[in-house]
Amino acid sequence: MGFFDQLKTRTAEMSGQLKTRAGQFKSKEFANASMAMCALIAAADGSIDPAERQRTEGVITSNDILAVFPPDELRQKFAFYADRLVRDFEFGKVEAIATIAKLKSKPDHARAVIQIGIIIGGADGNFDDNEKKAVREACFAVGIAPAEFDL
């Protein structure tokens with residue numbers, strides 16, 4: 001099985017696992033961390049072009065795990081973190097990672113946010129090195145070994 005087939009299979013498995021537990025993640029902290037992760041992945045190469053922003057918003061609003069939140073609320077939170085990353089990538093990255101790190105005391109929530117990052121990163125069929133690096137940094141922020149996600 002090729003890398004992209006494995007990525008597609010793993011992403012589908014993660015989505016299925018998260019979908020069955022989606023209700024337990026309904027909190028402001030989880031929503032913020034999820035949108036910070038999505039923005040971090042979208043900007044992993046240092047910028048977010050309009051097409052990438054639109055594609056990421058589409059994945060966010062159609063994602064079963066995030067369906068427990070109002071779509072407009074998610075769009076606003078994603079835009080907040082994405083705009084920070086566009087204005088000043090390094091500062092925005094620190095802020096996004098800090099938001100994700102707030103879930104360190106909730107390992108299940110933290111794992112779900114990491115999985116969402118992987119799902120977003122693989123949504124276009126190309127989970128590139130910059131996206132993997134961003135997910136690894138988020139793993140370190142919440143105290144989860146990246147190896148747990150084959151990173």
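# Exercises on a predicted helical model

**Exercise 1. Compare the expected and actual span of helix H5, and locate its buried residues.**

Step 1. Helix H5 has 13 residues, which at 1.5 Å a residue should span 18 Å. Its end C-alpha atoms lie 18 Å apart, so the two values agree. The model is a predicted one.

Step 2. The buried residues of H5 are Gly-92, Lys-93, Ala-96, Ile-97, Thr-99 and Ile-100. Around the axis they cover an arc of only 155°, which means that they sit on the same side of H5.

Step 3. The cover over these buried residues includes helix H2 (28–42), H4, helix H6 (107–122) and helix H7 (129–142).

**Exercise 2. State how confident the predictor is, for the chain and for its elements.**

Step 1. The average pLDDT of the chain is 85, and 83% of the residues score at least 70.

Step 2. Among the elements, helix H1 (residues 3–20) has the lowest mean pLDDT, 53. The highest, 96, belongs to H5.

**Exercise 3. Describe the surroundings of Thr-99.**

Step 1. Thr-99 is found in helix H5. Its relative accessibility is 9%; buried means under 20%, so Thr-99 counts as buried.

Step 2. With residues up to four places away in sequence not counted, Thr-99 touches Asn-32, Ala-33, Ala-36 and Tyr-81.

Step 3. Thr-99 and Glu-29 are 70 residues apart in sequence, and their C-alpha atoms are 7.9 Å apart in space.

**Exercise 4. Check the span of helix H2 and decide whether H2 is enclosed or open.**

Step 1. H2 has 15 residues. From its first C-alpha to its last it reaches 21 Å, close to the 21 Å expected at 1.5 Å a residue.

Step 2. Of the 15 residues of H2, 13 are buried, so H2 is largely enclosed by the rest of the structure.

**Exercise 5. For the salt bridge of Asp-72 and Arg-75, give the distance, the spacing in the helix and the exposure of each partner.**

Step 1. The structure holds 7 salt bridges. In one of them the side chains of Asp-72 and Arg-75 meet at 2.7 Å, N to O.

Step 2. Both residues belong to helix H4 (residues 71–87). They are about one helical turn apart because 3 residues separate their positions in H4.

Step 3. Asp-72 has 54% relative accessibility and counts as exposed. Arg-75, at 32%, counts as partly exposed.

**Exercise 6. Repeat the analysis for Glu-73 and Lys-77.**

Step 1. The side chains of Glu-73 and Lys-77 form a salt bridge at 3.9 Å, N to O. The cut-off is 4 Å, so the pair counts.

Step 2. Glu-73 and Lys-77 both lie in helix H4, 4 residues apart, about one turn of the helix.

Step 3. Glu-73 is partly exposed, with a relative accessible area of 31%. Lys-77 is buried, at 15% relative accessibility.

**Exercise 7. Identify which helices are tied together by the salt bridge of Glu-95 and Arg-84.**

Step 1. The side chains of Glu-95 and Arg-84 meet in a salt bridge of 3.3 Å, N to O.

Step 2. Glu-95 lies in helix H5 (residues 89–101) and Arg-84 in helix H4, so the pair ties together parts that are 11 residues apart in sequence.

Step 3. Arg-84 counts as partly exposed, at 25% relative accessibility.

**Exercise 8. Count the disulfides and classify Cys-38 and Cys-139 by burial.**

Step 1. A disulfide needs two cysteine sulfur atoms within 2.5 Å. By this rule the count is 0.

Step 2. Cys-38 has 0% relative accessibility and counts as buried. Cys-139 also counts as buried, at 0%.

**Exercise 9. Place Thr-56 and His-109 in the fold.**

Step 1. Thr-56 lies in helix H3 (residues 50–62) and is buried, at 6% relative accessibility.

Step 2. Leaving aside neighbours within four places in sequence, Thr-56 is in contact with Cys-38, Ala-42, Phe-78 and Ile-120.

Step 3. His-109 is found in helix H6 and counts as buried, at 14% relative accessibility. The C-alpha atoms of His-109 and Lys-26 are separated by 9.7 Å, with the two residues 83 apart along the chain.

Terms used
Residues are numbered from 1 along each chain as its sequence is written. This is a predicted model: local features need pLDDT of at least 70, side-chain atom pairs count only at pLDDT 80 or more; totals for chains, interfaces and linings use all residues. Side-chain values use heavy atoms; hydrogens and water are left out. Helices (H or I, at least four residues) and strands (E, at least two) are DSSP runs, numbered from the N terminus. Buried means under 20% relative accessible area, exposed over 50%, partly exposed in between (1.4 Å probe, protein chains only). The expected span of a helix is 1.5 Å times one less than its number of residues. The arc is that of the directions from the helix axis to the C-beta atoms. Contact means heavy atoms within 4.5 Å. pLDDT is the predictor's confidence in each residue, from 0 to 100.
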